[in-house]
Amino acid sequence: MARTSRRSNLASLLVAGVAATVAVKAVLNSMRQEAFVSALRGAPAQCRVQVVSLKAAEGDSLPSVDVDEGKPGCPASAMDDQKVVSSQAAEGDSLPSVDVDEGKPGQTVNIADLFKGKKGVLFGVPGAFTPTCSEKHLPGYLEMSEELKAAGAEVVVCVSVNDPFVMAAWGKQNEAEGKVRMLADTKCQLTMALGMEFDATERLGSIRSKRYAMLIDDGKIIKLG
């Protein structure tokens, strides 16, 4: 009975968090916001730059190309133009056995092993240091960390398609240690395995993760929002 009650409480907190995220996205869709694009270390083919001409030489003119200074020049709503390119995970599915980085390259964590025999929350965001993720999404889980633990969550994980140095710095800035584990899906492999990627190459320059939250129990997705 206690286990059922704790799972119910945890599910309620998850749903509340998802509802807050949806509300934030609705506001963002009505206004222009800055968006952040970070480099991808070891990105998959879709995210790589392909050399299509010879390198520049002395005497050549500089090409007419726009680059960003300080902040990207596209609306945050670009993160909601989500073109899903694979089958999405569903409630009842088991987490895929995929390694992600924590802290630095090569320091890997297997996501299936992490949740084996444990209850917890796995949530994905489009990018570290992006305005919405930094001001609303991650802080919401940090503020609820004690409530989540009391409801039975043994591990809370944030995943983004960023390199591990960026995720570590973002976690440090937000004092996430001991509350939320900051995992880097450097090669977009976990995000793609879950079917949570969207094609933002035209506006953000890479494949990114949609916003999502999962309630996990012993490696199985119990609730998805």
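**Notes on the predicted model**

1. Starting with the overall layout: the chain carries six helices and nine strands. Keep in mind that this is a predicted model.

2. On packing, 46% of the chain's 225 residues come out as buried. The chain's accessible surface is about 12100 Å², and carbon and sulfur atoms account for 50% of that.

3. Sequence separation of the contacts is worth a look too. Take the contacts between residues at least 6 apart in sequence: 76% of these join residues at least 24 apart.

4. Now to Thr186. Where does Thr186 sit? You'll find Thr186 in the loop between β5 (181–184) and α6 (189–193). Despite the loop setting, Thr186 has a relative accessible area of 7%, so it counts as buried. The side chain of Thr186 also has a partner: a polar contact of 2.9 Å links it to the side chain of Asp101.

5. Cysteines next. How many disulfides are there? The count is zero, going by sulfur atoms within 2.5 Å of each other. Cys133 shows how this plays out: its nearest cysteine sulfur belongs to Cys158 and lies 7.6 Å away, so with a cut-off of 2.5 Å Cys133 is in no disulfide.

6. Are Cys133 and Cys188 buried or exposed? Cys133 has a relative accessible area of 0%, and so is buried. Cys188 is likewise at 0% relative accessibility and therefore counts as buried; the cut-off for buried is under 20%.

How values were computed. Residues are numbered from 1 along each chain as its sequence is written. This is a predicted model: local features need pLDDT of at least 70, side-chain atom pairs count only at pLDDT 80 or more; totals for chains, interfaces and linings use all residues. Side-chain values use heavy atoms; hydrogens and water are left out. Helices (H or I, at least four residues) and strands (E, at least two) are DSSP runs, numbered from the N terminus. Buried means under 20% relative accessible area, exposed over 50%, partly exposed in between (1.4 Å probe, protein chains only). A polar contact is a pair of N or O atoms within 3.5 Å; within protein, one must be able to donate a hydrogen and the other to accept it, and residues adjacent in sequence count only if both atoms are side-chain atoms. Contact means heavy atoms within 4.5 Å. Accessible areas come from the Shrake-Rupley method with a 1.4 Å probe; for residues, only the protein chains shown count as cover.
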